[in-house]
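Here are my notes on the structure, as numbered points. Please read them against the coordinates.

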Amino acid sequence: MACGLVASNLNLKPGECLRVQGKVAPDTKSFVLNLGKESENLCLHFNPRSHAHGDANTIVCNGKDGGPWGAEQREAALPFQPGSVVEVCISFDQADLTVKLPDGYTSKFPNRLNLEAINYVTADGDFKIKCVAFD
């Protein structure tokens with residue numbers, strides 16, 4: 001997967017929302033949004049998989065603490081269609097990161113790193129970024 005976006009020094013605070021709008025490729029297999037302190041310390045690895053790594057229509061979430069991956073959280077859901085424009089809204093607090101997708105889909109993932117600010121974001125895969133905003 002080619003890297004579509006890398007941003008650092010964001011200083012996203014608890015309660016603020018990172019909104020990423022993009023188009024899911026018509027032949028999508030998966031895409032990834034990573035948020036955290038830097039590449040080896042991720043509080044959220046958000047990976048919707050249409051058909052990748054042996055998964056179909058599954059959202060996989062995970063995190064990294066100093067390099068190694070933690071335990072995956074999997075949900076049998078894919079609340080968007082290949083070829084569609086999607087807005088992903090990610091916010092966090094001391095306990096959780098909350099991901100909001102189309103059609104009212106909401107997922108929570110624990111803030112395992114207890115980050116007080118998110119400074120690093122990357123996007124990879126079959127998702128063409130159209131707009132990034134902070135609320």
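1. D103 sits in the loop between strand 8 and strand 9. Its phi is near 60 degrees, a positive value in a residue other than glycine. The model is predicted, and this backbone angle should be read as part of that prediction. Most residues other than glycine have a negative phi. D103 is exposed, with a relative accessible area of 78%.

2. N57 also has a positive phi, of about 50 degrees, and N57 is not a glycine. Where D103 belongs to a loop, N57 is placed in strand 5. With a relative accessibility of 41%, N57 counts as partly exposed, because that value falls between the 20% limit for buried and the 50% limit for exposed.

3. Which strands make up the open sheet, and in what order? The sheet has five strands in the order 9-8-7-2-11, and the pairing is antiparallel. Strand 9 and strand 11 (127–134) stand at the edges; each has a single partner strand, so one side of each lacks a neighbour in the sheet. From one strand to the next, the twist averages 20 degrees.

4. Within this sheet, strand 2 and strand 7 pair in the antiparallel sense over seven bridges. Two positions give the register: G22 has V86 of strand 7 as its bridge partner, and V20 stands opposite V88 in strand 7. V88 appears again among the core residues with the most contacts to other members.

5. Strand 7 is also joined to strand 8, by four bridges, and these two strands run antiparallel. They form a hairpin with three residues between them. F92 stands opposite L97 of strand 8. L97 is in turn one of the residues touched by S107.

6. S107 lies in strand 9, which covers residues 106–110. Is S107 buried or exposed? At 3% relative accessibility, S107 counts as buried. The S107 side chain makes a polar contact with the side chain of E75, at 2.6 Å. Leaving aside residues up to four places away in sequence, S107 touches Q73, E75, L97, T98 and V99. E75 is therefore both a contact of S107 and its polar partner, while S107 itself is buried, at 3% relative accessibility.

7. How many disulfides does the structure hold? There is one disulfide, and it joins C17 to C89 with an S to S distance of 1.9 Å. The pair links distant parts of the chain: C17 is in strand 2, C89 is in strand 7, and the two are 72 residues apart. Both ends are shielded: C17 is buried at a relative accessible area of 7%, and C89 is buried at 10%. The covalent link thus ties together two strands that also pair over seven bridges.

8. C43 is in no disulfide, and the nearest cysteine sulfur, that of C61, is 11 Å away. Why does C61 not bond to C43? The 11 Å between the C61 sulfur and the closest cysteine sulfur, in C43, is too far for a bond; the cut-off used for a disulfide is 2.5 Å. C43 counts as buried at 2% relative accessibility, and C61 is buried with a relative accessible area of 1%.

9. The largest nonpolar core has 30 residues, of which L35, L44, F46, V88, I90 and L101 touch the most other members. The elements that give two or more residues to this core are strand 2 (17–24), strand 3 (31–38), strand 4 (41–52), strand 5 (55–65), strand 7 (85–92), strand 8 (96–100) and strand 10 (118–125). Strand 7 gives the most, with four residues. In soluble globular proteins, nonpolar side chains tend to be buried together.

10. Which residues does L35 touch? Not counting residues up to four places away in sequence, L35 touches L18, L42, C43, L44, I90, I118, Y120 and V121. Among them, L44 and I90 are also listed with L35 for touching the most other core members. Another contact of L35 is C43, the buried cysteine at 2% relative accessibility that is in no disulfide.

How values were computed
Residues numbered from 1 in each chain as written. Predicted model: local features only at pLDDT ≥ 70, side-chain atom pairs only at ≥ 80, totals over all residues. Heavy atoms only, no water. Core = buried A, V, L, I, M, F, W, Y, C linked by side-chain atoms within 4.5 Å. Buried < 20%, exposed > 50% of the residue type's maximum accessible area, 1.4 Å probe, protein only. Contact = heavy atoms within 4.5 Å. Polar contact = N/O pair within 3.5 Å; in protein donor to acceptor, adjacent residues only side chain to side chain. Pairing = 2+ DSSP bridges. Axes fitted to C-alpha atoms, helices over the stretch in contact; angles between N-to-C directions.
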